[in-house]
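User: I am new to this structure and would like a close look at one part of it. Please start from a single residue and work outwards from there.

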Amino acid sequence: MAAPASQRDPRSTRCVFAAAALCASLGLSACGDLGRFQTASNASFAPIKPNKPAAQTPATEREHSRILASYGGSYDDPRLEALITKTVDRLVAASERPDLAYKVTILNSGAVNAFALPTGQLYVTRGLIALASDTSELSSVLAHEMAHVLAKHAAIREDQAKQAAVVTRVVADMGSDSDMNALALAKTKLTMASFSRSQEFEADGIGVGIAARAKFDPFGASRFLTAMERNAALKAGRAPADPRSLDFLSSHPATPERVQNAQSSARQYSSPEGGERDRDAYLSAIDNLVYGEDPSEGFVRGRRFLHPKLGFTFQVPEGFVLENTAQAVVGVREGGAQAMRFDVVRVPAEQTLGDYLNSGWMENVDKSSTEDTSINGFPSATATASGDQWQFRIYALRFGSDVYRFIFAAKKKTPEGDRSFRDTVNSFRRLTLAEIQAARPLRIKVVTVQPGDTVESVAHRMQGVDRPVDRFRVLNGLDARSTLKPRDRVKIVVD
């Protein structure tokens, strides 16, 4: 959760909190608009028409600033930047347009994502870098994004989006035949989706060719697609509501067909053993890489959320999974029957918290339920609200000059549910100085396998992650049958 959002106008969030909680409960990843971030697949090798990189414009500069704001800013690591620069230089020299220039920005986000702007600006998150096991896998992602620029996919998507917007407006004016309207819109969205899938396959094919000609292992693409698929499976059941937590596969999963196409493309260039993986250099470059959330934006440890910069913490009940996003902390209970949202808003000092709860930012608040309270010495107020399918319990809490909101949603109001909501709010407290000083990010540590080590024994050295054995296998590209050999270098996550 970015700190703090007190500059935001709370009126702009009217009625969205029920949707946010509901969205989290139902696992709808469409809450984040990733249309412009879609990355990429048709193993096509048609000649690419020459194109020149677009000049920087105020629009692209604004987009760059927006991307940095959405993904936690840039991540500065000279050793890693040097590896990426060297890799991109090799890929550019082997591409169909060696005269084009590209600039890569590493984003300070634990999400697994990468995307490109038409100008040749490439973005890759540190979460994606942590997941890759060697330079050939990272090169497959970079080459893939270069392919989007070469094939002018971003410009084509922009035209398609404008076209879809026109269709939407026309359909909205067609009249009262809702069935016809829905059919027209569905056809438009289907065309957009299938066209985008075609772009993805095309970029995969072009990218594999670029990586192979640069002497990287062309099978890096299929290996990394598989790793992303397995990583997404580890996140199954969690409901990200923010672009930073939506990954490379959010819109177009790495289906078996896509992996097979990447393998088929690679076979045109090399045997499975051919090409350079550059694993040792890659592991050395990512040793000590920050993994997961950056504590400066707050972070989740199990059921607890801590924000050292703002100096507070709280804990959710058993069964809840927390997700820290740029706008809020979102929690979903197993089964999806309960959800919560925690954020910060601007409330004038002269306005009481009870008046704020009844000020209209959420509809159907029961004013008679409003109650002034105190939580661990902090002034607060609570009220209830209702919707068609959800019941809400809302709290506002003043902490210093900021006001924090807890918004709880339940499909069915029960004493147990209300008690768990109260327990969560009552756990809100100030962090101690020792806790603030001890708040460190998780990091990737590269270790050498010793005689007698097993996947299980090394995995259990990991800290701060769930399902350590499964996560260790995914992080290191190991399937269920893989074993460790002495002197192998592997990645673990440590505090």
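Is Arg467 buried, partly exposed or exposed, and what is its relative accessible area? Please go on from there to the salt bridges, and then to the helices and strands around them.

Analyst: This is a predicted model. In it, Arg467 has a relative accessible area of 44%. Arg467 counts as partly exposed because that value falls between the limits of under 20% for buried and over 50% for exposed. The side chain of Arg467 takes part in a salt bridge with Asp470, and the closest N and O atoms of the two are 3.0 Å apart. Asp470 is partly exposed as well, at 32% relative accessibility.

This pair belongs to a longer list, since a search of the whole structure gives 20 salt bridges. Side chains of opposite charge can pair when their charged atoms come close.

A second example is the salt bridge between Glu63 and Arg66, with an N to O distance of 3.0 Å. Both residues sit in helix 2, which covers residues 58–70, and they are three residues apart, about one turn of the helix. Their surroundings can be compared by accessibility. Glu63 is buried, at a relative accessible area of 12%, whereas Arg66 is partly exposed at 31%.

A third example is Asp134 with Arg223, where the closest N and O atoms lie 3.1 Å apart. This salt bridge links distant parts of the chain, as the two residues are 89 residues apart. Asp134 is in the loop between helix 4 (126–131) and helix 5 (135–150), while Arg223 is in helix 8 (residues 220–234). Asp134 is buried, with a relative accessible area of 3%. Salt bridges that share partners join Asp134 and Arg223 with Glu137, Asp217 and Arg277 into one network.

Helix 3 shows how buried and exposed residues are placed around an axis. The helix runs over residues 78–94, which makes 17 residues, and spans 24 Å from its first C-alpha to its last. That is close to the 24 Å expected at 1.5 Å a residue. Its buried residues are Leu80, Leu83, Ile84, Thr87, Val88, Leu91, Val92 and Ala94. These lie on the same side of helix 3, because they cover an arc of only 165 degrees around the axis. The face turned away from the buried side carries the exposed residues Pro78, Lys86 and Ala93. At the start of helix 3, a side-chain oxygen of Asp77 comes to within 3.2 Å of the backbone nitrogen of Arg79.

Next come the strands. Strands of a sheet pair through backbone hydrogen bonds, either parallel or antiparallel. Here, four strands form an open sheet in the order 5-6-7-15, and the pairing is antiparallel. Strand 5 (299–301) and strand 15 (429–430) are the edge strands, each pairing on one side only. Strand 7 (residues 312–315) is joined to strand 15 by two bridges, and the two run antiparallel. Phe312 has Arg430 in strand 15 as its bridge partner.

The last stop is Val490, in strand 17 (residues 489–494). Val490 is buried, with a relative accessible area of 4%. Apart from neighbours within four places in sequence, its contacts include Val446, Val458, Phe472 and Leu484. Asn476 is another residue in contact with Val490. The C-alpha atoms of Val490 and Asn476 are 6.4 Å apart in space, and the two residues are 14 residues apart in sequence.

Methods:
Residues are numbered from 1 along each chain as its sequence is written. This is a predicted model: local features need pLDDT of at least 70, side-chain atom pairs count only at pLDDT 80 or more; totals for chains, interfaces and linings use all residues. Side-chain values use heavy atoms; hydrogens and water are left out. The expected span of a helix is 1.5 Å times one less than its number of residues. Buried means under 20% relative accessible area, exposed over 50%, partly exposed in between (1.4 Å probe, protein chains only). The arc is that of the directions from the helix axis to the C-beta atoms. A polar contact is a pair of N or O atoms within 3.5 Å; within protein, one must be able to donate a hydrogen and the other to accept it, and residues adjacent in sequence count only if both atoms are side-chain atoms. A salt bridge is a side-chain nitrogen of Lys or Arg within 4 Å of a carboxyl oxygen of Asp or Glu. Two strands pair if DSSP finds at least two bridges between them. Contact means heavy atoms within 4.5 Å.
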